[in-house]
Number of protein chains: 2
Amino acid sequence: MRNLPERDSPERDMPDHGISVSRFSTRPLYLQARDAIAQRIAAGEWKPHVAIPNENELARTFGVSPGTMRKALDLAEAERLLTRRQGRGTFVNDPSSGEQRERYNSIRGRDGKRICGDVEVLNLLETTVNERECLRLRLRLRERVIRIRRLRLTDGKPYMLEDVAMPAKLFPNLTTHQDASQRFVVLAQQFGVLLGKGEERLAIGAAAPDVAAALQVEEGATVMRLDRVIYTLEGKPAEWRLGQCLMEGRHYLAELN
Amino acid sequence: MRNLPERDSPERDMPDHGISVSRFSTRPLYLQARDAIAQRIAAGEWKPHVAIPNENELARTFGVSPGTMRKALDLAEAERLLTRRQGRGTFVNDPSSGEQRERYNSIRGRDGKRICGDVEVLNLLETTVNERECLRLRLRLRERVIRIRRLRLTDGKPYMLEDVAMPAKLFPNLTTHQDASQRFVVLAQQFGVLLGKGEERLAIGAAAPDVAAALQVEEGATVMRLDRVIYTLEGKPAEWRLGQCLMEGRHYLAELN
DNA sequence: AAGTGGTCTAGACCACTCA
DNA sequence: GAGTGGTCTAGACCACTTG
């Protein structure tokens, strides 16, 4: 256990709802503090664009030192949960606004700017996972997924057909909602799912008949296949998407780190 | 200026060769310390696989507190200059070994593993920049570049044609060297250039006659165009590469952050 | 002037590795 | 057991923003 300054039992007077910071856990305090921050944001307790308490106050309420609190805040900022601005405060990020909304969209136009088209839902259902979904979403057989087929358009012209699958567990009763045409990032926010890293596999393919019809091109036309998985902050798969995209006048921008 | 504990002029007894840490600079001390680390590595003063002095000793020699030194080391580790292992020490990374060597190579085979083929140099010269090189490498007109055309092969079969351009300033007398077939990462190491981020633009194209000939496919065959720029740690462009790649049985893996 | 995050200090103990 | 990095503490002053 770690050094306990003066106080005998720091967590005695803390209520035990949700995630708290405990010295009886082996998990480092700064990670516990970050978890607590993430939990408050996911639960909507701290809302986007609103400032959260300052470092010293947070340190006091979590029962850790300011230095440890700072480390937790640094981490949360790197994970895009927060934005800190010197002299102003620490603000909860809004995944559905500005750059953040298009975080996982790497398709750019000739000008190098992101293409943010309209979305048209072609199909939406909840079923049992198939084999590929099992693999990508790391689900067990017989688990349920929400499956969406949708079309993205710019200026009324379709450019990408998407087949999306999401674990039904993470998005309860999504099919009864009206808003399946929302961007995934916005959906996740509404369901209290915080998103982390993702990976996307790109290959070149030929449009199958149904794909060609949806994209309004001839069968066998060359398309870019974008096979993408987005994970939650904790690393669980939250979305698998197979996109089939016409690349004339467009490119994909990848960051190398 | 920052708080100067007891000592009047901390840098008086420090020799002034190369990068040092000075309280008369407005640059934060932890960044100055990281710069000093990077400089020693780039200069070959600290060699790959060898442990550098421990945190407290570094803090003493740079004249900063252990906490500040730690922040510098954390940064250097995030930038892949170092690897720290609890209980063992801090070791200089070797860009030319293992995972590091293929850091910027995102092409994978059917099994998901990186494809690390052989390299055949078709052409190598030093000339004045052309328009596109100017743009990508942020050079001025009339500056010099090293231009290489090379072929990558697996099992003796070509799969990617690469046109590479590098600022001649960063790689003096490269054309006289024998080793232009080296991977870029290895070249950079040899010339004391530390590498940072990169970006790659992917598009679908058709093979021009010379490209088709080099790749041993028919003219107009579908290829993936990989337009990549790699920057130094300080953010200056160090390499521009236009790859034209046959994607049958291969895919590109992009990380999303 | 007051409040915020950014930087910095000078220690402490813990977990891990290795001789 | 000695040495390393990993975590944690409890302060300080600085730079920036806002009323």
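Which backbone atom of A:Glu55 lies 3.1 Å from a phosphate oxygen of DNA strand C? A backbone N or O atom does, and the legends below set that distance beside others in this predicted model.

The model is predicted, and local features are therefore reported only where pLDDT is at least 70, side-chain atom pairs count only at pLDDT 80 or more, and totals for chains, interfaces and linings use all residues. Residues are numbered from 1 along each chain as its sequence is written, chains are lettered from A and ligands numbered from 1 in the order in which they are written, and side-chain values use heavy atoms, with hydrogens and water left out.

**View 1. The protein surface near DNA strand C.** Around DNA strand C there are 25 residues, of which A:Gln86, B:Arg23, B:Leu29, B:Ser65 and B:Thr68 come nearest; a residue is near a strand if one of its heavy atoms lies within 4 Å of it. Sugar or phosphate accounts for 76% of the atoms of DNA strand C within 4 Å of the protein, and the rest belong to bases. Strands S2 (82-85) and S3 (89-92) of chain A, together with helices H1 (29-42) and H3 (66-78) of chain B, each supply at least two residues of this surface, where helices (H or I, at least four residues) and strands (E, at least two) are DSSP runs numbered from the N terminus. H3(B) gives the most, with 3 residues. By class the surface has 6 nonpolar, 10 polar and 9 charged residues, if Ala, Val, Leu, Ile, Met, Phe, Trp, Tyr, Cys and Pro count as nonpolar, Asp, Glu, Lys and Arg as charged, and the others, Gly among them, as polar.

**View 2. Polar atoms facing DNA strand C.** A polar backbone atom of B:Ser65 is 2.8 Å from a phosphate oxygen of DNA strand C, while a polar side-chain atom of A:Arg70 lies 3.4 Å from a base nitrogen of that strand. A polar contact is a pair of N or O atoms within 3.5 Å; within protein, one must be able to donate a hydrogen and the other to accept it, and residues adjacent in sequence count only if both atoms are side-chain atoms.

**View 3. The protein surface near DNA strand D.** Of the 25 residues around DNA strand D, those that come nearest are A:Arg23, A:Leu29, A:Ser65, A:Thr68 and B:Thr90. Helices H1 (29-42) and H3 (66-78) of chain A, with strands S2 (82-85) and S3 (89-92) of chain B, each supply at least two residues, and H3(A) gives the most, with 3 residues. A phosphate oxygen of DNA strand D is 2.4 Å from a polar backbone atom of A:Leu29. Side-chain N or O atoms also approach phosphate oxygens of this strand, at 3.1 Å for A:Arg88 and at 3.2 Å for B:Arg84.

**View 4. The interface of chain A and chain B.** Here 25 residues of chain A are in contact with 25 residues of chain B, contact meaning heavy atoms within 4.5 Å. The area buried between the two chains is about 2,300 Å², of which carbon and sulfur atoms give 58%; buried area is the accessible area (1.4 Å probe) that two parts lose on being put together, summed over both. A:Ile204, A:Leu256 and A:Asn257 supply 32% of the area that chain A buries against chain B, more than any other three residues. The count between the chains is 0 salt bridges (a side-chain nitrogen of Lys or Arg within 4 Å of a carboxyl oxygen of Asp or Glu), but 10 residue pairs are in polar contact, both residues being at pLDDT 80 or more. The largest share of the side of chain A that touches chain B, 8 residues, comes from S8(A).

**View 5. Paired strands between the chains and within chain B.** S11(A) and strand S8 (residues 195-206) of chain B pair in the antiparallel sense over 5 bridges, and two strands pair if DSSP finds at least two bridges between them. The bridge partner of A:Leu253 in S8(B) is B:Arg201. Within chain B, S6(B) and strand S7 (residues 157-167) pair in the antiparallel sense over 10 bridges, with B:Val145 opposite B:Pro167. These two strands form a hairpin with 2 residues between them, and B:Asp155 in the turn has a positive phi of about 55 degrees.
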